[in-house]
Amino acid sequence: MAGNFYSVRCSDCENEQTVFGKASTEVACAVCGTTLARPTGGKAEIEHEIIETVESR
């Protein structure tokens, strides 16, 4: 399972959270609960600012 992890900043509360690029479920911000990423069947749709790629394979 190859995929990237991204550091994403929530635009509502400025929390930074690591998100898998091929997430199969919705990913919510750990602080405010805003949806950060939605599954699309392949790569997840990341709805907030991607700060950096944490791990790439």
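Which side chain makes a polar contact with the side chain of Thr34? The close-ups below answer that and then tour the rest of this predicted model.

**View 1. Thr34 and its partner Asp12.** The side chain of Asp12 is the answer: the side chain of Thr34 makes a polar contact with it, at 2.8 Å. You will find Thr34 in the loop between β3 and β4. Setting aside neighbours within four places in sequence, Thr34 is also in contact with Cys10, Val27, Ala28, Cys29 and His48, besides Asp12 itself.

**View 2. Four cysteines listed in a UniProt record.** Under "binding site", an unreviewed UniProt entry lists Cys10, Cys13, Cys29 and Cys32. These residues span 23 residues in sequence, yet no two of their C-alpha atoms are more than 8.9 Å apart, so they gather at one spot. The unreviewed entry also carries the annotation "zinc finger region: C4-type", which covers residues 10–32. Over residues 10–32 the chain is 0% helix and 30% strand, and the C-alpha atoms at the two ends are 9 Å apart.

**View 3. Cys10 and Cys32, one buried and one partly exposed.** Let's start with Cys10, which sits in the loop between β1 and β2. Cys10 counts as buried, at 0% relative accessibility. Not counting residues up to four places away in sequence, Cys10 touches Asn15, Cys29, Cys32, Thr34, Leu36 and His48. Cys32, for its part, is placed in the loop between β3 and β4. With a relative accessible area of 38%, Cys32 is partly exposed. Once neighbours within four places in sequence are left aside, the contacts of Cys32 are Cys10, Asp12 and Cys13.

**View 4. An aromatic pair, Phe5 with Phe20.** A search of the whole structure turns up one aromatic pair. The ring centres of Phe5 and Phe20 are 5.0 Å apart and the ring planes meet at 45°, so the pair is tilted. Because Phe5 belongs to strand β1 (residues 5–9) and Phe20 to strand β2 (residues 16–20), the pair ties together parts that are 15 residues apart in sequence. Is each ring-bearing residue buried or partly exposed? Phe5 is partly exposed, with a relative accessible area of 30%, whereas Phe20 is buried, with a value of 18%. The cut-off to keep in mind here is that buried means under 20% relative accessible area.

**View 5. The hairpin of β3 and β4.** Strand β3 (residues 27–28) and strand β4 (residues 35–38) run antiparallel and are joined by two bridges. Look for Ala28, whose bridge partner in β4 is Thr35. The two strands form a hairpin with six residues between them, and Gly33 in the turn has a positive phi of about 85°.

**View 6. The hairpin of β4 and β5.** Next along the chain, two bridges join β4 to strand β5 (residues 45–46), again in an antiparallel arrangement. Across this pairing, Arg38 stands opposite Glu45, and Ala37 stands opposite Ile46. Six residues lie between β4 and β5 in this hairpin, and Gly41 in the turn has a positive phi of about 100°.

**View 7. The three-stranded sheet.** Here the two hairpins come together: three strands form an open sheet in the order β3-β4-β5, with antiparallel pairing. The edge strands are β3 and β5, each of which pairs on one side only. As a reminder for the bench, strands of a sheet pair through backbone hydrogen bonds, either parallel or antiparallel.

Terms used
Residues numbered from 1 in each chain as written. Predicted model: local features only at pLDDT ≥ 70, side-chain atom pairs only at ≥ 80, totals over all residues. Heavy atoms only, no water. Pairing = 2+ DSSP bridges. Helix = DSSP H or I, 4+ residues; strand = E, 2+ residues; numbered from the N terminus. UniProt positions renumbered as here; feature names shortened; annotations may be inferred. Phe/Tyr/Trp six-rings, centres within 6.5 Å; stacked < 30°, edge-to-face > 60°. Buried < 20%, exposed > 50% of the residue type's maximum accessible area, 1.4 Å probe, protein only. Polar contact = N/O pair within 3.5 Å; in protein donor to acceptor, adjacent residues only side chain to side chain. Contact = heavy atoms within 4.5 Å.
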